[in-house]
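Dear colleague,

I am passing on the structure below so that you have it in front of you while you read. My notes on what was found in it follow directly after.

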Amino acid sequence: VSRLKAKKFHEMQDYELVNQLKDLKTEFFNLRFQQATGQLSNTKSIKEVKKDIARVKTIIRERELKEAAK
């Protein structure tokens, strides 16, 4: 999964965000597993993936609140 800016996440459709979130969670799991087994060389990537997950969740929540306000 490539690193995307928040702007790119905002441009995505709802279903794309859900798929992106699923991919990021899978990547996060794999990175944690690599770290536990000592195979992870770039530990910064875990932090980046966690931030991307937070970005996607925030955008999804913003859209939910926007719909509820209507």
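A good place to begin is Thr 43, which is found in the loop between helix 2 and helix 3; please keep in mind throughout that this is a predicted model. With a relative accessibility of 48%, Thr 43 counts as partly exposed, because that class lies between the buried limit of under 20% and the exposed limit of over 50%. Between Thr 43 and Ile 60 there are 27 Å in space, C-alpha to C-alpha, for a separation of 17 residues in sequence.

Asn 42 also has its place in the loop between helix 2 and helix 3, the latter covering residues 44-69. Asn 42 has a relative accessibility of 42% and counts as partly exposed. Its C-alpha lies 9.5 Å from that of Leu 31, and the two residues are 11 positions apart in sequence.

As for the protein as a whole, its secondary structure consists of 3 helices and 0 strands, and the order along the sequence is α-α-α. The radius of gyration is 14 Å, whereas the globule rule gives 11 Å for 70 residues, so the protein is more spread out than a compact globule. Along the principal axes, the C-alpha trace spans about 50 × 20 × 15 Å.

Of the 70 residues in the protein, 24% are buried. The exposed area comes to about 5,400 Å², and carbon and sulfur atoms supply 52% of that area. If we consider the contacts with a separation of 6 or more, 65% of them are accounted for by residues 24 or more positions apart. On the side of charge, the protein has 17 positive and 10 negative charges, and the mean positions of these two groups are 6 Å apart.

Finally, there are the aromatic rings, where a search of the whole structure finds 1 aromatic pair. The pair is formed by Phe 29 and Phe 33 and is stacked, with 6.4 Å from centre to centre and 25° between the planes. Both residues sit in helix 2, which runs over residues 14-36, and because they are 4 residues apart there, about one helical turn separates them. Phe 29 itself counts as exposed, since its relative accessibility is 55% and the limit for that class is over 50%.

With best regards

Key. Residues numbered from 1 in each chain as written. Predicted model: local features only at pLDDT ≥ 70, side-chain atom pairs only at ≥ 80, totals over all residues. Heavy atoms only, no water. Helix = DSSP H or I, 4+ residues; strand = E, 2+ residues; numbered from the N terminus. Rg over C-alpha atoms; globule rule 2.2 N^0.38 Å. Buried < 20%, exposed > 50% of the residue type's maximum accessible area, 1.4 Å probe, protein only. Contact = heavy atoms within 4.5 Å. Areas by Shrake-Rupley, 256 points an atom, 1.4 Å probe, with all protein chains shown as cover. Lys, Arg positive; Asp, Glu negative; His and termini not counted. Charge placed at Lys NZ, Arg CZ, Asp CG, Glu CD. Phe/Tyr/Trp six-rings, centres within 6.5 Å; stacked < 30°, edge-to-face > 60°.
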